[in-house]
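User: Could you take me through one part of this model in some detail? I'd like a close look at one strand and its neighbours, and then a sense of how that part sits within the rest.

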Amino acid sequence: MNSKNKKIVLHQMWTTKTAVFMIFMLFLSAGMFAQDKKQISGTVYDNTGTVLPGASVIEVGTKNATTTDFDGKFTLTVAVGGSIEVSFIGSATQKVQITSASKNIDVRMQNDGYQLAEVQVVAVGYGTQKKSDLTGAISTVKADDLVKGTISSTEQVLQGKVAGLNVIRPSGDPAAGSTLRLRGGTSLTASNNPLIVVDGIAGVDINIVQPSDIKTVDVLKDASATAIYGSRGANGVIIITTKSGTKGVSVTYSGLSSIGYVNDNLDLLSANQWRNYVRQTGNKDAIDYGANTDWQKAIEQTAISQSHTLTINSGKADSGFRTSLSYLNNEGVIKNSGLERLSGNINAYQYLGDNKDVKFDMGLFANIDKWHPIDYRIFEYAYNLNPTIPVYTPSGEFSSVALNQYFNPVELLTNRTVDNERHRLLGYFKTEVKFLNDFLAVANISLEHNAVKGGTYKPSYAVLEGATEGGYAQRTYAEYTNAQGELYVNYNKVIDKHTISALGGYSYLENIYEGFGAQRSGFVTDAFSYNNLGAGYKYRLGDVYSYKGKSNLVSFYARANYSYDGKYLLTATVRRDGSSRFGENNKWGTFPSASVAWKISNEGFMDSTKGWLDNLKLRVGYGVTGNQDGIGEYKSLSILGVGNDSYYDPVTGTWSLAYSPQQNPNPDLKWESTKQLNIGFDFTLFNRISGSFEWYSKNTEDLLYTYEVPQPPYLVGTMLANVGEMSNKGVELTLNADIIKGEKFNWNANLTLGHNVQKIEKLSNPTYKTDVIYSGSLHGLAGMSGQYSQIIAEGYPVGTFWGFKNAGLDSTGKIQYYNAAGTIVPESALVDADKTDLGNIQPDLTLGIGMNFSYGNFDLGFSGYGMFGQKALNATNMMLNDPNRLPAYNVPDDFLGSGITSAPKYSDYWIEDASFFRLQTLTVGYTLPLNLKDSKLRLYLMGENLFVVTSYKGVDPEIGLNAQNGVNGVIDQTGLASPGIDRYNNYPRPTTISVGLNFTLNK
Amino acid sequence: MKIKITAAILMSMLFTISCTDLSEDLYDKVEDGNFGNTSKEVDALVGGAYSSLRGFADGISNNYPTCEYVFFLNETVSDEATIPTRGSNWYDGGQYQDAQTHHWKADNRMILSAWRYNYTGIAKINSIIYQIDKSSLSDTSKAPIYAELKALRAYYYYNLLDLFGNVPIVTDFEDTSLPSNSTRKQVYDFVEKELTDAIPHLNANVVYSKMTKNVAYSLLARLYLNSEAFIGTARWQDCLDMCQKISGYSLAPDFFANFATENQKSPEIIFAIPYDSKAGTVGNYMNSMSCHYLHKLTVSATADYPWSANGMCAQPGVYSAFADTDKRKKCMVAGDQINLATGQVIIMDNGEKLTYTEHVNSVTDAKENEGVRLGKYEMKEGETWERDHDLVVIRYAEILMMQAECYVRLGSPDLAKPFLQQVTSRAGAELPATIDLHFIDQELLREFTFEGRRRTDNIRFGTFFLPWWEKGDTEKYRAIFPIPSTVLSTNANLKQNPGYPVN
């Protein structure tokens, strides 16, 4: 019934390898341009159009240089196809491509322009370094290269932009966040999200920053780079530097309007197909409810979204000010879902002193999100309901003919109020003081506050929950506050060919979280919604709660850099972290690292390669980093608390609350520690192609997991402990190319490739013995209670599917299987020993690609990403292809022809290759040549998620790493995510078409 | 220069707030050792021992044990109940089919659940004893508290003795070394001694839901009744003696008063696990684990009754074991199910009528409506998942039946009659002229249907090892369950029960 959509089936011939090869060739072709010399002249202006004397002009990659005269003019003989670089203090360096047509060149210095890799400054944590001096693996993404579009979670801007960094959005729900995974992650229990650092403030929520406020993102990947963040550095560090006031005055508006729609629904029987089936089978009991309902379409809508951002910038020589305000209303393609955000950002800085000796810098970020969480059970209901059931009764009420196991999903979306609101705030004040010529001291205090309040009301006429409760209302409030103080001193000294720098610092972090909530049911009227809990007459002992907790982290850190002759570079760091979360016996951890780099291209013996190899650097680094996210507060202690442990006092006939021990204490609890070796090359070819290649091997020890412990003797069956070992090994390639850089036509491209192999090395130690952890719970699916689809076991990666191998259908339509001996057997003959490795959810290759073209005032760009080689369990399909369903419940179109007669059973029959490539954005823009001085107006049209290339049969091959709260409210409580399982929880990703406008007014 | 000085002062202020203190401040919890010094605090600790009886749901194995997994285990391996696979529902890896056919393996989640339910209760009580040890109470005030806690712990050990036999005995909270098995005899002796030692300190009055002298006598009576099955030594007279010490109870005139929403008023209940919807106690919804999804329409015209899962039902033969005049027959729901809103028989989604039949096609493939359902506890419109009726563990009818059985076994069936008479006359059933063990066995089935204790009776009467519906002969070693496989794999000191494969 569903018209065939734009999903293109991946043919076997179109393999990953050929695609990668072709893309690679495209990049190489960029270098094939011949070189000639010619004399050029030009004039350099400042941002306001005034001539700029004393600016330096250098031919890139040579010592061929000059400076502009009093009238801002210069003359230089340069190679055709090469480029010149114009720099001036206080302005961003400008690069100009020299073509055979170049003659008189006017260069206008910009406040915030393109910067050459050679002088690019990279945030490394507690300071910056020139990119050329780096010894660790750090990827940088500039504002222009970030993903654009209807973005409701800031993580999305990095999708496909950094080799080795996967941005996983579990669904198309605007209110759903994203998950970041760098180099495969390191932890079973703990968060695998990289540490987020915003303007030097570590550990903040990335969504405090809106995409339009980001200047650069530096991703610290290897341990030698992240060890400066110690016990929080194991999953990488993402340093976001936001825009601040630049010289001049400008006002910018950017706006975007879009419509989003669902491109791809499951092909289920239509009402008429269902009727045909009933007629053909002669089933007399089947109930035809008379309607023609596409339940998937019934819960969907066309989403209309918009965003507006206004920015004011003002800067002088010694001060700057920038403020922005933005509004986003991102509707979801499922009714009643969406996200509305209002955000603001102010940054100001002021230098004082004759030599700019002191700098005060302050920033404030704030935003408010509003959204209405939806009940994900709607998807299961929509797939299952008989298509002849009407959405509404003739009298206009929601029909509720099926009260059996599946309910009217439109009713579930409509007849309840869920209002959530999140407030985020981040403020900081930074003071920098230069002293004794070579020292710079920085003090930084900051506060991050994050609060979520919620209100839920299920009215007395809501079929699920509301009716039985007689109206149910709930309010919740939760907040946390991170207060940080940091003080560090930098030292820099150049003595002849020796460059020395050093850093020492101290930081203190205090995290306080607290919250409360209340619920009541039994409301005489539905008029109050969730605004008058006291009016509910039914209540229970556990209906109110509050909590509070605190942790702190104290750190000392140091870094030393040494370089000799610009050829040999050495970095060493050490951090000592003490955390209140750690057990009594392990309060302090030390995290050292060292790395070296050799700029091979600066060696005399490389002179012969100067024509094509502009830069070649080898880096080797090793370090130890930690992850303490999985611990949580108070996990090491033996504590008593009030759970839901009420007890009855027969004398008074009343109930009281018991105090019980809550957990197995573990005084040895500590961080997970990751040792990582990284070897990398940076290179620049033909002055056009730059890139880097990384090889890494990391080994995580003391893996935190809530291991099953024997009862007796333990109090509870699980215990958080440091036991196992996991390894991740991989390679990454990043390429950037200015394929064509002309006066009118420009073409640049970027490509990222990542390959990671993960393995659990150990799960036991002398104290705790674990053979296998069953994960990927199927609990909550009919007939699958307590069943698992995956294992975590030594020798396998996380997310390994483990089960029976199918041998296709037998003549009666029953799925048959291979036993351990490889013989085909029926289901009844299977024993546990026949279970085997059925593949895993780890991709073999992740790819990101982007290209931008501009011709005159036109621009065109696209970006896409893909993952290849990973498997997914299509549990939705497994449950729907059930011969017991018709005529009561719906089935996929395919089912009727499939001949399947066996009831759902987990096996690789339902495991699919989930490889995909997604075209993320495609943009066409036109910049209007305005008569207004120095102003710019750009209009553009953008398509997002226009197509996905995949062979996956479900709604979407990109399946979240974390299990949604399972169907029927059952939550996978094993403490482990259930990655790669498509189980009725795929909120479809919309295809979006937008029109946008950017307008900049300069004074 | 002034600027620099000012800045330096600002920066040094940071150091004044800095510190390296890493102690954890607790706000909403207390660290152990700081609790249990006042009588109120002691009550709150001891209360935890009682609340542990309700068990918990943790997704690993324990889905509300008293109405799900532990209850399921005892029922599905017995001759009174079954959980057949209906379509794809209730397959769940074959764990219920294995229980029905007596082919359970050591990785069966119901078995793990039974193990964890009891050992979690034991560990909790051990931890409470440890708290009481540390408390500043006087030794005299501690004595009755220890007695109450240890007798409760003996209840858990009695369950383990019955279910697993050779289990480790752990009494010290601080000792986290991995224990090894005790023999079934050692566990038997431990239970007997703990209860006997506790009795002098226990409350002699009838106190609802608390561990009193009467409850301890009842548990000892159960122990002696099953002594032959547990350790091979019959102790029928000891059982009789113990029963005769029990006082203060009488049969409730209405059998179903024991299973009503307000069943705490029944004069018959010796020990119960209290539940109360306002106290937020979840896990006593066994009717909902049994009835059809649409059963709520028979309880409430507006379907104001929780969902049911269409699982457990009676084995064929159980319903017809009751005479139609037997009032207790209503503990099962059978026949056409009427929608209160329409007065018509409920139509299932597949278009067929919802009629519960005694016939069940097979344990591997049953239809949605097959099997008569559990309806012993009251079903009331407006109930929530938190039910109000208490879960009955021991009631006076059992004391009467134990005495009757002992007299029959001791060769004096006539002496059994006065006890049986009370039970059967309340049910409106006739007492046969000759009382034999077969009659006692069948009367136990009718009196205690779905009360989670049939397996023990089946084993004591030996019927457990004979074929019944969907089951052939059972090997003797299956009188106790295997030690769960994950417990064995995490504790190398434990040995598997005899007869079961080591892995």
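**A strand and its surroundings**

Analyst: In chain A of this predicted model, β13(A) runs parallel to strand β16 (residues 237-242) of chain A, and four bridges hold the pair in register. One of the facing pairs is Val198(A) with Ile240(A) of β16(A).

β13(A) itself covers residues 195-198, and its side chains go two ways: Leu195(A) and Val197(A) point to one side, Ile196(A) and Val198(A) to the other, and all are buried. That fits a general pattern: in a regular strand the side chains alternate between the two faces of the sheet.

β13(A) also has an antiparallel partner, strand β14 (residues 201-202) of chain A, joined to it by two bridges. Here Val197(A) is the residue that stands opposite Ala202(A) in β14(A). The two strands make a hairpin with two residues between them, and in that turn Asp199(A) takes a positive phi of about 50°.

Elsewhere in chain A there is an open sheet of four strands, ordered β3-β2-β5-β6, with antiparallel pairing. β3 (65-67) and β6 (94-97) of chain A are at its edges with a single partner strand each, so one side of each has no neighbour in the sheet. On average, neighbouring strands of this sheet are turned by 20° against each other, direction ignored. Within the sheet, strand β2 (residues 56-59) and strand β5 (residues 83-87) of chain A pair over four antiparallel bridges, and Ile58(A) has Glu85(A) in β5(A) as its bridge partner.

Strand pairing also crosses between the chains. Strand β30 (residues 639-641) of chain A and β1(B) run antiparallel and are joined by two bridges, with Leu640(A) opposite Val30(B) in β1(B). The whole contact takes 86 residues from chain A and 82 residues from chain B. On the chain B side, the elements that give two or more residues are α1 (2-17), β1 (30-31), α2 (39-51), α5 (109-134) and α16 (485-490). The largest share of that side, nine residues, comes from α1(B). By type, the chain B side divides into 35 nonpolar, 27 polar and 20 charged residues.

Moving into chain B, helix α15 (residues 454-461) is mostly covered, with seven of its eight residues buried. Those seven are Arg454(B), Arg455(B), Thr456(B), Asp457(B), Asn458(B), Ile459(B) and Arg460(B). They pack against α3 (69-76), α6 (139-163), α9 (227-231) and α14 (437-447) of chain B. Just after the helix, Gly462(B) has a positive phi of about 80°.

For chain B there are also two records to set beside the model. UniProt lists "domain: RagB/SusD" (unreviewed entry) at residues 249-500 of chain B; that span is 23% helix and 8% strand, and its end C-alpha atoms lie 42 Å apart. UniProt also places "domain: SusD-like N-terminal" (unreviewed entry) at residues 88-225 of chain B, where the chain is 62% helix and 0% strand, with end C-alpha atoms 41 Å apart.

As for confidence, chain B averages a pLDDT of 92, and 96% of the residues score at least 70. The model as a whole scores ipTM 0.87 and pTM 0.83.

How values were computed. Residues numbered from 1 in each chain as written. Chains lettered and ligands numbered in written order. Contact = placed C-beta atoms within 7 Å. Nonpolar A, V, L, I, M, F, W, Y, C, P; charged D, E, K, R; others polar. Pairing = 2+ DSSP bridges. UniProt positions renumbered as here; feature names shortened; annotations may be inferred. Buried ≥ 20, exposed ≤ 12 C-beta atoms within 10 Å, placed from the backbone. pLDDT = per-residue confidence, 0-100. Axes fitted to C-alpha atoms, helices over the stretch in contact; angles between N-to-C directions.
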